[in-house]
Amino acid sequence: MKHLKKLCSFILVGILLCAVMQVAKAAENYIVLYGFAFDINTDGEAVIHSYDDRSPDVVIPQKLMGADVTAIDDYAFFNDAIISSVSFDEAAALKTIGVNAFYGCRNLTSLTIPEQIEALSFGAFQNCTSLEELEIKGGITQIPDQCFWGCTSLKQIALPESIVEIGERAFMNCSGLTAIEIPDTVEKIAANAFDGCDDLVIYCTTKSYALSYALDNDISFVLTDAEPITVTYMIGDADCDEAVSILDVTLIQRRLADIPVFVFNETAADVDKDGLNITDATMIQRYLADFYDRYHIGETESYSYYLLPTNQI
């Protein structure tokens, strides 16, 4: 049994050594120029595999060794803690960015994806936690699965009209994301695409798929092609007579007792904003008796809403 264990150990070590040698051999086949390790594929195109971090500001070139740079390989900049910016402006022939290519580039702060790029891959910019500014100029048709997952510093995005699909967990846990503009061209959004984006507002139109998505997933939205209706009311004024009185208390009590009332503003009556209950009536009574009021009873507030098209109701 001991000999068998030793034999297995030797075999395992041999396999690992072979794997290391194969990796080393593959690395030796790469050309290194301007800090980029790359090779030239059978189509005569350059594919970038890694970078030596000689500068935090990376400029992807148009050509390497006379060959057009057409792709950034999977994991090329994986967990790179040095780079702070990436420019694709010179990379006129670049078409694809590979799986997890920039995963975990935690000091990358801004990013512009130009029109010539046709495809991003799974997790391409996942966990770029310092990424604050993102501009997508068009060209890509899909935000792939987990592409920007965990980009916690991202605040606002306007998607181009080339986009038709937003994939699984594409923006999951982008906790700083407060606004995204989604064009009418988008036809599919994964149910979990924005999980963990608790303060998100979707900007869309009345005829868009994005509006249906926002309604189905209880996400706040702004309609860019419609004017909201604004309602102003007085806190505590349940009977809408522009004053707070004992009549409002009585009206709340009747409503809670399921006695019919003909005029009732529940938003105004819910003074503590936790749902209509007897506490609201009590707080109004305290206000009328000049007790301390922390609910701003008697002050005016407003809210806005949209008249939605019938197919969205």
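## Exercises: salt bridges and a surface patch

At 56% relative accessibility, Arg54 is classed as exposed. The model behind these exercises is predicted.

**Exercise 1.** Find the salt-bridge partner of Arg54 and say whether that partner is buried, partly exposed or exposed.

*Solution.*
- Step 1. Arg54 forms a salt bridge with Asp52.
- Step 2. The closest N and O atoms of Asp52 and Arg54 are 2.9 Å apart. The cut-off is 4 Å, so the pair qualifies.
- Step 3. Asp52 has a relative accessible area of 39%, so Asp52 is partly exposed.
- Step 4. Arg54, at 56%, passes the 50% limit and therefore counts as exposed.

**Exercise 2.** Locate both ends of the salt bridge between Lys95 and Glu118.

*Solution.*
- Step 1. In this salt bridge, the closest N and O atoms of Lys95 and Glu118 are 3.9 Å apart.
- Step 2. Lys95 sits in the loop between β7 (85-87) and β8 (96-97). Glu118 sits in the loop between β9 (110-113) and β10 (119-120).
- Step 3. The two residues are 23 residues apart, and the pair links distant parts of the chain.
- Step 4. Lys95 is partly exposed, at 32% relative accessible area. Glu118 is partly exposed, at 48%.

**Exercise 3.** Explain why the salt bridge of Lys188 and Glu165 ties together separate parts of the sequence.

*Solution.*
- Step 1. The side chains of Lys188 and Glu165 meet at 3.9 Å, N to O.
- Step 2. Lys188 belongs to strand β16 (residues 188-189), and Glu165 belongs to strand β14 (residues 165-166). The pair therefore ties together parts that are 23 residues apart in sequence.
- Step 3. Lys188 is partly exposed at 49%. Glu165 is partly exposed at 24%.
- Step 4. For the whole protein, the count comes to 7 salt bridges.

**Exercise 4.** Name the residues of the nonpolar surface patch that includes Tyr305, and explain why Tyr305 can belong to a patch.

*Solution.*
- Step 1. Ile229, Tyr303, Tyr305 and Leu307 make the patch, which covers about 370 Å².
- Step 2. Tyr305 is found in strand β20 (residues 300-305).
- Step 3. Patch residues need over 30% relative accessible area. Tyr305 has 35%, so Tyr305 passes this cut-off while counting as partly exposed.

**Exercise 5.** Summarise the fold and surface of the protein in numbers.

*Solution.*
- Step 1. Elements: the protein has 5 helices and 20 strands.
- Step 2. Burial: 39% of the 313 residues are buried.
- Step 3. Contacts: among those between residues at least 6 apart in sequence, 42% join residues at least 24 apart.
- Step 4. Surface: about 17,000 Å² is exposed, and carbon and sulfur atoms supply 53% of it.

Terms used: Residues are numbered from 1 along each chain as its sequence is written. This is a predicted model: local features need pLDDT of at least 70, side-chain atom pairs count only at pLDDT 80 or more; totals for chains, interfaces and linings use all residues. Side-chain values use heavy atoms; hydrogens and water are left out. Patches are made of residues with over 30% relative accessible area and no salt bridge: like charges are joined within 9 Å, nonpolar side chains (Val, Leu, Ile, Met, Phe, Trp, Tyr) within 5 Å. Accessible areas come from the Shrake-Rupley method with a 1.4 Å probe; for residues, only the protein chains shown count as cover. Helices (H or I, at least four residues) and strands (E, at least two) are DSSP runs, numbered from the N terminus. Buried means under 20% relative accessible area, exposed over 50%, partly exposed in between (1.4 Å probe, protein chains only). Contact means heavy atoms within 4.5 Å.
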